[in-house]
Structure formats: C-alpha cells, structure tokens
Amino acid sequence: MHTVRLELPWDADEWRKHAREALCAGVVPEAISWAGEAQSGLFSGGPNPLTPVRTAPRVSREFLSLIEAVLCHRDPHRHGLLYRLLWRMAEGEGGLLERATDPDVHRARELEKSVRRDNHKMKAFVRFREVPGDTDAFVAWFEPQHYIVDRVAPFFARRFAGMRWAILTPYRSAWWDGTRLGLGAGANRDDAPTDDANEGLWRVYYANIFNPARLNPRMMRQEMAQKYWKHLPEAHLLPDLIRTAGPRVQAMAERMPQAPRRKIPAQPAQQPAADHQGMPGLKLAVGQCRRCPLWEPATQAVMGEGPDRARIMVVGEQPGDEEDLTGRPFVGPAGKLFNRVLDALGIDRETLYITNVVKHFNFQQRGKLRMHVNPLARHVNACRPWLKHELAIVRPDVVVCLGATAARAVLGTRFRLTDERGQWRTLSGGQRAFATVHPAAVLREPVATREALLRGFERDLALLNDIPS
Ligand code: URA
C-alpha cells in the first residue's frame, strides 16, 4: 500500500503533486492510502518512494476547479475519490465528468456543491468586531462547515482591503495587515471579541430595515441556518422580531392608508445611534451590509468620503466601475468631470462630503466590461438607512443631489429633475437642498447638446458659491 501524508489536506497543489507521482508510477486507486485529517501535519517521513513508468496526463480546467472545491470538503474519502476520477480519466474514460449519473462524479459534484454553499455562507455571515483598544483592527470568529478559509480569505482581502482584520476559525486563521494575506493555525472562540460598539449600530440598522410584512421564517432559516445565528449581531433580535411580526403587520394594516413619506425625515432631537458610533462604525457596518443582493458581485461597499462635519453633502447615485475597485466615490470619468467643474467654480472638493444613495455597484457583465445598471427601488430602499446615518453624522447645511436617483431619494419620488433642477428646497431636517444633472449624464449626452448640459450643470453648482456662511 502506498501511503500519502498530506500536510494541508485541502491544498490542491499538494494533492496534485502526490496524485501525479502516484499516477505516473502506476499506483492503482485501491493501492493508495491518503492519510486522514487527524494525522495531517504530524508526520515526519515523506511518502513511499515511487518510480515513474508513464507521463502525467493533462487535466481539464473543469477538473482542476472540481479538485480545488472537493478538497475543501470534510469528507475523509475525498482524496481517494478524486484520485479514482483522475485514474479513470487517465485510463481513457473521456468525458467522464459529463456523466452526472456516474457514482464517483455524482459524489464529487455533491461535495463541490456543499463547499460552494459553505463559501457563500462564510462570505455572507462573517461579522468583524473591533479589537478593544485598537480602533483600526477587526476580528471575526466563524465556524465553517468545511476547510474553506484559504479559499475564501482572498475575497475578504479584496473586500476589506482598507482595514486590518483577522478571521479566526477552529482549524485555521486568516489575517490581512493592509498589504499581505496570512494564513495559519486555528484559534479559540475566546480569542475573538464577542461584541463591540458597532454591534449597536448594526442592530439599530437591522431592526429598522426588518419588514414584518415580508417575514418568511422558513425561507429565512434556509438562507440563514440557525447555526450561524450565534455569530450574527442581528440574530439576537430575530426571535423578538419574528414574535412581534404578526401584531406589527396588523397595526400597519390598521394604520393604512397613510401619506407616503417622501423626504428624509428631520434629524431627531435625540441623537441617532450612528452618531454615537461615528463614521468609522458606520463604515464598518456598511462594509458588512447584506441587505440587498448587490453586495455579492460588487468588490466592496463604497462609503461616503470627506470631512465628518462638512457643510455641503453631495449625493450621487451609486458607485461605478472605478469606484467599486478603489472603494472611493466619484473617482471615475463622472468624478473627473465633477472635479473639473468644482475647480472652475473655485470649490475645494476636499471640503465636501461626497456619497451615494446606493453603496454597491450594480452592473451587468458583458465580456470583460461591467456595464452600469440603474439601481432598483428596492436597492435604494435597502440602502436608505445608511444615507440617513450619514446625514445624521455630518449634519450638513446643504445637500446637493446629482441626478434623478439621488434627487428622488432625498427630495421625494415626485421630484422631476428636468423641471425642478437648480431650485433650492428645504428638507424637513432644515437643510437646504437642490438637485442637478448627474455628471455621467453630461458625458452620455450627444456632442451637439453636451455643451449646453454642461453649462447648466455648472450654473446649478454655482449656487454653492452663494450659500451664506
Ligand atoms: N456615479 C455616481 O453616482 N457615484 C459615483 O461614485 C460614481 C459615479
């Protein structure tokens, strides 16, 4: 019997190296033993020496991706299963992976699916907590079903590139220092903070956006299995929210019809929770937002940027391609045009707080291009509390809406940009506001009329030079 001892049983490179050696030496699947997880990493000796008798076959991309996923599964027989598949393909069973009813293929696909599901859950349910005494470092505790930390960690490095974080699990840890991703031994639950100041913010947000009329506990449990609840700040609220959903729906029905609320409400006399947490807490909470599906294909949430107490807040629609990649608002073509106009008017961009109604990039992939898609009302509604928190923290004197989406979100859905742009309004919170065209609309305008639209855009923004100090 040929015994293979794997140091990292989920590592595809390591498994492939051993599988290739065994295959080239003609070791049949029944004559190979893959050392189990419990023993991995503890061995000093290498595998039994093998003599190559044939060359290694090429394997398809599809099989490579199957190998990478299946190795992350906890099934102790997965190494042997993959080797059997490899062996059978090398023995001439072409198109094996297409035979979905083949027991080996079927089992491998099952394992692959389960690992993919676990990846998705980890991306959705990891929650970072601030490290006490270190305002810029965050730790999350998570218990994945499979060995997926190495596989999913690069996703978190891209998504939370701007902060230092660690994800601890019982078998493996991953950390990011702002430039490098590290992977190492597992940890204990107690090594991670259990609560932090941002939890309060997250809970306030969750309780606000929870819609009792749309509650479907069965679907909810399917999507957010109860085993993940213990790590989710919002989960503590769920039993109560579910218990009170019926009476709340009834109360809503009895209150109807009710005049729709069209404006961002007045700033409450009492400070909202966001103000206690400040901008860093809000930024973290927005970065972890899973309220609508836009978070998933996007690279990261793009929070507003600028002084916490800016006098002027500029609200755009949603991040574009470059904003999504850099994590900063208005840095792409529309942002460059906006900067040029600000320069021409003598307005310093650094003094403005610039944000968007929707914090994730909504796009459609066309080949290599990611094409902007307008956010839907449900995306705007899901994101609305974040804008409210930004308004509550920054407390600007003036709000400028760029484009119809921002105008409708801030000034009400009846607002008509073509008729009402460049006209001062007063929000119910007392701030003065006006809307103008979106700079991206100027860029999209046919050449013949672009100049006129640009002049109008400049004229509207020139209102900012007249606000009394
Ligand atoms: N368009 C927007 O509305 N916001 C950005 O951040 C970039 C482009």
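A pocket is an open set of grid points with protein on both sides within 12 Å along at least five of seven lines. In this predicted model, the ligand takes up the space of the second largest pocket.

Ten positions are not spread evenly over residue classes in the shell around the ligand: three are nonpolar, five polar and two charged. The surrounding residues include a run of Gly 316, Glu 317, Gln 318, Pro 319 and Gly 320. Glu 323, Pro 329, Phe 330, Asn 356 and His 438 are also found around the ligand.

Polar contacts to the ligand come from both backbone and side-chain atoms. A backbone N or O atom of Glu 317 is placed 2.7 Å from a ligand oxygen. For Gln 318, a backbone N or O atom lies 2.9 Å from a ligand nitrogen. Asn 356 contributes through its side chain, with an N or O atom 2.6 Å from a nitrogen atom of the ligand. On its own, the ligand has 240 Å² of accessible area, and the protein covers 93% of this.

Aromatic pairs were searched for across the whole structure, and 16 were found. One of them joins Trp 10 and Tyr 171. Their ring centres are 5.1 Å apart and their planes stand at 80°, over the 60 degrees required, so the pair is edge-to-face. This pair links distant parts of the chain, 161 residues apart. Trp 10 sits in the loop between β1 (2-4) and α1 (12-24). Tyr 171 belongs to the loop between β5 (164-168) and β6 (172-176).

Key:
Residues numbered from 1 in each chain as written. Predicted model: local features only at pLDDT ≥ 70, side-chain atom pairs only at ≥ 80, totals over all residues. Heavy atoms only, no water. Near = heavy atom within 4 Å. Polar contact = N/O pair within 3.5 Å; in protein donor to acceptor, adjacent residues only side chain to side chain. Areas by Shrake-Rupley, 256 points an atom, 1.4 Å probe, with all protein chains shown as cover. 1 Å grid on protein atoms, 1.4 Å probe; cavity = no way out; pocket = protein on both sides within 12 Å on 5 of 7 lines; lining within 4 Å. Sits in = over half its atoms within 2 Å of the grid points. Nonpolar A, V, L, I, M, F, W, Y, C, P; charged D, E, K, R; others polar. Phe/Tyr/Trp six-rings, centres within 6.5 Å; stacked < 30°, edge-to-face > 60°. Helix = DSSP H or I, 4+ residues; strand = E, 2+ residues; numbered from the N terminus.
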